[in-house]
Amino acid sequence: MIDPDHPKISIAGQCELLGLARSSYYYETAEDVSEDLALMRLLDEQYLRAPFFGIRKMTEWLRRQGYLINHKRVERLMRQMGLQAIYPKKRLSENDAAHRKYPYLLAGLSIDRPNQVWCTDITYVRMARSFLYLVAIMDWFSRYVLSWMLSESLEGDFCREALKIALRRYEEPEIFNSDQGSQFTCEDFTDLLEARAIQVSMDGRGRVYDNVFIERLWRTVKYEEIYLRDYQDREEAEDRLRRYFQFYNRERYHQALDYATPEEVYQGRRVAA
């Protein structure tokens with residue numbers, strides 16, 4: 001009876017009209033939460049397969065999997081996961097109109113050496129009973145994952161901490177590329193880059209291929225690690241992802257790197273084709 005998207009009456013106002021305590025509206029049973037998580041897992045996997053599916057198509061797809069579900073619930077879950085229906089890319093970081101936006105600097109640029117360009121993005125990580133968000137910072141040329149971090153929320157602190165770790169451990173890049181999400185456009189983040197004279201580059205809104213290599217990283221991590229597990233808690237997720245990123249950097253051969261590993265190319269021990 002309550003419409004959370006009502007244009008004129010707030011949820012609190014609707015609860016008052018119905019004589020319903022607002023806490024009752026927000027209460028979710030363990031069964032509700034469990035089904036939401038199951039649906040979010042399916043949405044995550046289907047989004048990788050068909051990123052062009054919007055809310056209506058996702059709703060129809062879930063119905064064909066046997067779920068009696070309406071589009072409003074799908075919309076809520078996709079918003080919670082950070083999946084945007086319009087663009088074929090995960091937009092876990094929401095745009096903030098008050099933050100400064102920077103131009104995209106990589107168009108037509110020949111990227112031919114490590115630490116020329118770093119890039120970053122955020123993705124959703126499923127667990128057995130909840131979920132997390134994962135940010136990674138990667139060297140564009142070598143595909144080497146410089147740092148990563150998990151968070152239970154989309155507040156920007158974990159992104160800044162991942163950047164600080166990468167800047168402490170490695171030679172600073174010439175350009176740093178991200179999307180236009182608030183985690184990356186806020187002054188606390190961009191000031192870390194500008195203080196070191198690192199050029200800030202940002203994807204054009206809705207441009208699929210502006211940050212293509214880290215998008216490919218997410219697909220690889222999910223199919224080779226996350227989808228094969230049901231992490232029981234954050235500690236297990238961190239442990240398993242730590243092992244995976246070590247494997248990814250040091251042992252996983254990349255055809256695009258002439259079958260070298262990201263670490264070999266980043267350290268200059270092998271030259272990418």
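Y223 is partly exposed, with a relative accessible area of 35%. In this predicted model, Y227 counts as buried, because its relative accessibility is 13% and the limit for buried is under 20%. The two tyrosines form an aromatic pair: their ring centres are 5.3 Å apart and their planes stand at 90°, so the pair is edge-to-face. A search of the whole structure finds 13 aromatic pairs.

Another of these pairs joins Y244 and Y248. Here the ring centres are 6.3 Å apart and the planes meet at 40°, so the pair is tilted. An angle of 40° falls in that class because stacked requires planes under 30 degrees apart and edge-to-face requires over 60. Both residues belong to helix 10, where they sit four residues apart, about one turn of the helix. Y244 is buried, with a relative accessible area of 5%, and Y248 is buried as well, at 3%. Ring pairs also extend beyond these two tyrosines, linking W148, Y244, F245, F247 and Y248 into a cluster.

Helix 10 itself (234-250) can be followed from its start. At the N-terminal end, D233 acts as the cap, with a side-chain oxygen 3.3 Å from the backbone nitrogen of E235. The helix has 17 residues, which at 1.5 Å a residue should span 24 Å; the C-alpha atoms at its ends are 24 Å apart, so the two values agree. Which residues of helix 10 are buried? They are A237, L241, Y244, F245, Y248 and N249. Viewed down the helix axis, the buried residues fall within an arc of 125°, so they line one face of helix 10. The cover over these residues includes strand 2, strand 3, helix 9 (212-224) and helix 11.

After helix 10 comes a loop that leads to helix 11 (262-266), and D258 lies in that loop. The phi of D258 is near 60°, a positive value in a residue other than glycine. Most residues other than glycine have a negative phi. D258 is partly exposed, with a relative accessible area of 41%. A second positive phi, near 65°, occurs at R143, again in a residue other than glycine. R143 is placed in the loop between strand 2 and strand 3 (145-151). Is R143 buried or exposed? Its relative accessibility is 13%, so R143 counts as buried.

The interior of the model can be described through its nonpolar cores. The largest has 43 residues, and the members that touch the most others are L43, W118, I137, L146, L163, F176 and F189. Elements giving two or more residues to this core include helix 3 (30-49), helix 4 (55-64), helix 5 (71-81), strand 1 (117-126) and strand 2 (131-139). Helix 6 (157-169), helix 8 (187-194) and strand 5 (199-202) are also among them. Helix 6 supplies the largest share, six residues.

W118 shows what such a position involves. Leaving aside residues up to four places away in sequence, W118 touches I137, M138, D139, L146, A166, L167, Y170, E171, P173, I175, F176 and N177. One of these contacts, I175, is a member of a second, separate core. That core has 34 residues, including L48, L134, I175 and I226.

Definitions and conventions
Residues numbered from 1 in each chain as written. Predicted model: local features only at pLDDT ≥ 70, side-chain atom pairs only at ≥ 80, totals over all residues. Heavy atoms only, no water. Core = buried A, V, L, I, M, F, W, Y, C linked by side-chain atoms within 4.5 Å. Buried < 20%, exposed > 50% of the residue type's maximum accessible area, 1.4 Å probe, protein only. Contact = heavy atoms within 4.5 Å. Expected span 1.5 Å × (residues − 1). Arc of directions from axis to C-beta. Polar contact = N/O pair within 3.5 Å; in protein donor to acceptor, adjacent residues only side chain to side chain. Phe/Tyr/Trp six-rings, centres within 6.5 Å; stacked < 30°, edge-to-face > 60°.
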